[in-house]
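Please open the model in your viewer, show it as a cartoon with side chains available on demand, and keep the sequence panel beside it. The tour below moves from one selection to the next and says what is to be found at each stop.

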Amino acid sequence: MPADNTVEGLDRLARETVDHRFKALPPDAEGLTVGELAAQRRNLFTGGFTTPVLALSAESLEHNLALLESYAERHGLAFAPHGKTSMSPQLFARQLERGAWGITAAVPHQLRVYRAHGIRHVFLANELVDPVALRWLAGELERDPDFRFICYVDSVRGVELMDEALRGAARPVEVVVELGAGEGARTGARSDADCTAVAAAVAAATNLRLVGVAGYEGEVPDATPERVRDWLHRLVSLAVTLDEDGRFAATDEIVVSAGGSAWFDTVAEVFAELPELSRPVLRLLRSGAYVSHDDGHYRQLTPFNRVPEEGALEPAFRLWAQVVSRPSGQQAFANAGKRDAAYDLDLPEAQVVRDARDGSVRPAAGITVTGLSDQHAWLRTDEDADLEVGDWVGMGLSHPCTSFDKWQLIPVAEADGTVTDYIRTFF
């Protein structure tokens, strides 16, 4: 269950005032608190919301949260979903309620958001060498004995910078050696010798404690199941080698962490083979996009396509835009664009049309999104496509990480359109 200060943070969000800062919310709701507006259970389509409006499916959110909880349990994995996906304390709380060990972050700003909302366990899947951020972190660790923080290290120089910035800290910062995914990949020590040197530097540091190894298999060049598996075996072997060298003597458990949203089935498979080490092992998965899933990039990449017997995620996002122009039989324009929809990986997908006259919903047959301007979606339409000015077009999105970040307050709607909650984001 969330900590008391997490609950207090959620209460603060519910007391926030609805006003012009939040796109698409009903103009007549201005001055209400978010909690008061949620209690009204307005309908997304008839309750005064303006277009464009992004909504999350209440049913799909709950399904996805439950599915990853059960998946992690079945495979003996701890779970720290990457919070950069949603940056939503409300969704963090629900993930923690569903058994998450903690929440993963990437940069100091995210860490500060997490701490402001009471997150006790944070895994920062990145190097942290900013002295200002490190001194702030040291203060948090001193102030809260229940706060646990772990981050990557991948160079001797990085270790030295951290140790210098943390001089005089009351508690050492826990770190894991990041194994790079290969030449030309992202961060991470490239060779076994590099990893050994980094581990030795941590051992010599006063203000750091080595607790494990980690990396990101999603960066394996030209990834295939075999190449990802080979890299994960390297990660496990690194943990074994460092343990044999006595590098984990100062910790009570050894952390072995990987797992984005594309290969967590392979992570589960290889982590299950991890041999017994000198201390208990925390097998930590960090997938984040699952919470909303999508109708594009992750629909194609999800491991559940390879292991359908494990279940299936459901896309939770739908962006509703209104047709504002129908200049020809082959073209229409809706009032949602790059400011509202993810477009970095795939364009939105027209899925349904809600009729402006009677509210009926039909498939978006013959309607294709071909481009986005800042505030317009370009729609190509077949000659017989049933679409008129005033109709609402419901679109599926690709890439949750660049969908959440365009909206500060997102309605959560049930299948009949009843809005039950509002998800606050902090990007």
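Which residue of β9 does Phe79 stand opposite? Select Phe79 and look across to β9, where the residue opposite is Leu285. Before going further, note that this is a predicted model, in which local features need pLDDT of at least 70, side-chain atom pairs count only at pLDDT 80 or more, and totals for chains, interfaces and linings use all residues. Residues are numbered from 1 along each chain as its sequence is written, and side-chain values use heavy atoms, with hydrogens and water left out.

**The eight-stranded sheet**

Keep β2 and β9 selected: these strands run parallel and are joined by two bridges. Helices (H or I, at least four residues) and strands (E, at least two) are DSSP runs numbered from the N terminus, and two strands pair if DSSP finds at least two bridges between them. Now extend the selection to the whole open sheet of eight strands, which has parallel pairing and the order β2-β9-β8-β7-β6-β5-β4-β3. At its edges are β2 (78–79) and β3 (103–105), each of which pairs on one side only.

Within this sheet, select β4 (residues 121–127) together with β5 (residues 148–153), which pair in the parallel sense over five bridges. Leu124 stands opposite Cys151 in β5. Colouring by accessibility is useful here, since six of the six residues of β5 are buried, where buried means under 20% relative accessible area, exposed over 50%, and partly exposed in between (1.4 Å probe, protein chains only).

**Strand β1 and its partners**

Next, select Thr51 and Pro52, which are joined by a cis peptide bond with omega of about 0°; Pro52 lies in the loop between α2 (34–39) and β1. Continue into β1 (residues 53–57), where five of the five residues are buried. In a regular strand the side chains alternate between the two faces of the sheet. Both faces of β1 are covered, with Val53, Ala55 and Ser57 buried on one side and Leu54 and Leu56 buried on the other.

Add β10 (residues 317–328), which runs antiparallel to β1 and is joined to it by four bridges; here Leu56 stands opposite Phe317. Then add β17 (residues 409–413), which pairs with β1 in the parallel sense over two bridges, and find Ser57 opposite Ala413.

**Two helix crossings**

Two packed helices are described by the angle between their axes and the distance between the axes. Axes are lines fitted to C-alpha atoms, for helices over the stretch in contact, and angles run from 0 to 180 degrees between N-to-C directions.

Select α3 (residues 58–74) and α4 (residues 89–97), whose axes come within 9 Å and cross at roughly 45°. That angle makes α3 oblique to α4, given that angles under 35 degrees count as roughly parallel, over 145 as roughly antiparallel, 65 to 115 as roughly perpendicular and the rest as oblique. Show Leu61, Glu62 and Leu65 of α3 with Leu91, Arg94 and Gln95 of α4, which make the contact (heavy atoms within 4.5 Å).

Move on to α9 (residues 225–244) and α10 (residues 264–271), which pack at an angle of about 45° with their axes 10 Å apart. This makes α9 oblique to α10. Among the residues that meet are Leu232 and Val236 in α9 and Val267 and Phe271 in α10.

**Two histidines with positive phi**

Select His293, in the loop between β9 (281–285) and α11 (297–301). Phi of His293 is near 55°, a positive value in a residue other than glycine, and the residue is buried, with a relative accessible area of 5%. Then select His399, in the loop between β16 (392–396) and α12 (401–404), where phi is near 75°. At 14% relative accessibility, His399 also counts as buried.

**Last stop: Phe426**

Is Phe426 buried, partly exposed or exposed? Select this residue in the segment after β18 (419–424); Phe426 is partly exposed, with a relative accessible area of 21%. The C-alpha atoms of Phe426 and Ser86 are separated by 8.3 Å, although the two residues are 340 apart along the chain. Leaving aside neighbours within four places in sequence, Phe426 is in contact with Leu13, Met87, Pro89, His109, Val113 and His117.
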